[in-house]
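Thanks for coming. I will go through one structure this morning, starting with a pair of helices and ending with a single residue.

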Amino acid sequence: MSVFNDSVLYPCFLLTGFSGLESRYGLISLPIFLIYATSVAGNITILFIIRTEPSLHQPMYYFLSMLAFTDLGLSTTTLPTMFSVFWFHAREISFNGCLVQMYFIHVFSIIESAVLLAMAFDRLVAIRAPLHYAAILTNDVIIGIVLAITGRALALVFPASFLLKRLQYRPVNILSYPFCLHQDLIKTTVSSRRVSSIYGLMVVICSMGLDSVLLLLSYILILGTVLSIASRTERVKALNTCISHICAVLTFYTPMIGLSMIHRYGKNASPTVHVLMANVYLLVPPLMNPIVYSVKTKQIRDRILKKFNQQKV
């Protein structure tokens with residue numbers, strides 16, 4: 001009985017990397033480190049360029065700054081435990097530490113989903129009401145959007161952590177990934193998980209589910225407006241302003257859907273596939289977003305090249 005009580009108060013969790021490939025963790029960690037370093041460098045560059053260029057102090061780039069900041073937060077939250085597993089074979093993590101990491105991973109993921117929606121709204125206003133763009137997306141409106149996005153994420157995820165805290169666990173619990181996720185923690189409990197599972201599903205529906213529907217609606221309206229433009233050149237020009245955002249949306253939602261499908265239907269899939277998809281979901285968006293916006297957005301690309309040329313001189 002005392003052992004069980006200790007397991008309730010002080011359960012231990014073991015993170016899992018790529019099972020069976022432990023001898024190659026040093027090699028596996030190399031591309032992960034390169035992805036992390038590129039992500040950090042790329043997102044810091046985006047933030048620096050927008051911060052130092054007055055011409056980029058516009059709603060579209062404010063939202064891009066928030067996307068870059070969110071990607072930095074997501075990378076910083078996940079990488080410490082990943083490196084502890086792959087570099088030092090240190091798998092153990094405390095329950096409180098696991099809850100904290102889980103909380104911030106899901107908070108940053110929900111924030112990223114909402115920022116992508118805000119960016120879609122920005123493109124919708126720019127294309128449907130270009131003459132009223134500055135009047136609609138004022139600084140006060142943008143601040144309100146940012147506060148609403150952040151507040152929603154913080155408020156939605158906190159009860160999930162509280163509910164997990166009330167569940168009972170074994171003394172030692174093995175997780176499926178080198179980081180802590182809500183759906184993974186729920187599987188290790190020895191008590192009823194019904195309330196936590198229902199609440200977790202509600203959080204997904206009220207955040208990413210709702211955001212994805214509104215994203216789709218936004219692009220239906222954008223497409224309808226673009227098709228009503230008489231000039232083919234103007235239609236192409238309007239659509240080109242959305243290319244970077246569409247790439248960011250696909251980069252975020254495609255791995256998430258893939259991970260959900262593997263988690264739901266891939267019961268017989270190799271554990272390596274599960275870990276690989278989870279890593280893709282958390283590592284690829286922070287890597288690709290600064291690359292996509294640097295390549296596809298002329299204003300960002302030109303400012304980066306200008307700064308680079310100034311450094312060379």
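**Two helices and one aspartate**

On the helix 4 side of this contact we have Phe-95, Asn-96, Leu-99, Met-102, Tyr-103, His-106, Val-107, Ile-110, Ile-111, Ala-114, Val-115 and Ala-118, and they meet Ile-145, Ile-149, Thr-150, Arg-152, Ala-153, Leu-154, Val-157, Phe-158, Ser-161, Leu-164 and Lys-165 in helix 6. Sorted by class, that contact has 17 nonpolar, 4 polar and 2 charged residues. Please keep in mind that this is a predicted model.

Now the geometry. Two packed helices are described by the angle between their axes and the distance between the axes. Helix 4 covers residues 95-128 and helix 6 covers residues 139-165. Their axes are 9 Å apart, and the packing angle is about 150 degrees. Angles over 145 degrees count as roughly antiparallel, and helix 4 and helix 6 are therefore roughly antiparallel to each other. The crossing of helix 4 past helix 6 is right-handed.

Next, the annotation. An unreviewed UniProt entry lists residues 42-293 under "domain: G-protein coupled receptors family 1 profile". In the model, that span is 80% helix and 2% strand. The C-alpha atoms at the two ends of residues 42-293 lie 10 Å apart.

Last, the single residue. Asp-184 sits in helix 7, which runs over residues 182-187. Is Asp-184 buried or exposed? The cut-off for buried is under 20% relative accessible area. Asp-184 counts as buried because its relative accessibility is 2%. Leaving aside residues up to four places away in sequence, Asp-184 touches Leu-175, Ser-176 and Tyr-177.

Notes
Residues numbered from 1 in each chain as written. Predicted model: local features only at pLDDT ≥ 70, side-chain atom pairs only at ≥ 80, totals over all residues. Heavy atoms only, no water. Helix = DSSP H or I, 4+ residues; strand = E, 2+ residues; numbered from the N terminus. Buried < 20%, exposed > 50% of the residue type's maximum accessible area, 1.4 Å probe, protein only. Contact = heavy atoms within 4.5 Å. Axes fitted to C-alpha atoms, helices over the stretch in contact; angles between N-to-C directions. Parallel < 35°, antiparallel > 145°, perpendicular 65-115°, else oblique. Left-handed = near helix turned anticlockwise from the far one by under 90°. Nonpolar A, V, L, I, M, F, W, Y, C, P; charged D, E, K, R; others polar. UniProt positions renumbered as here; feature names shortened; annotations may be inferred.
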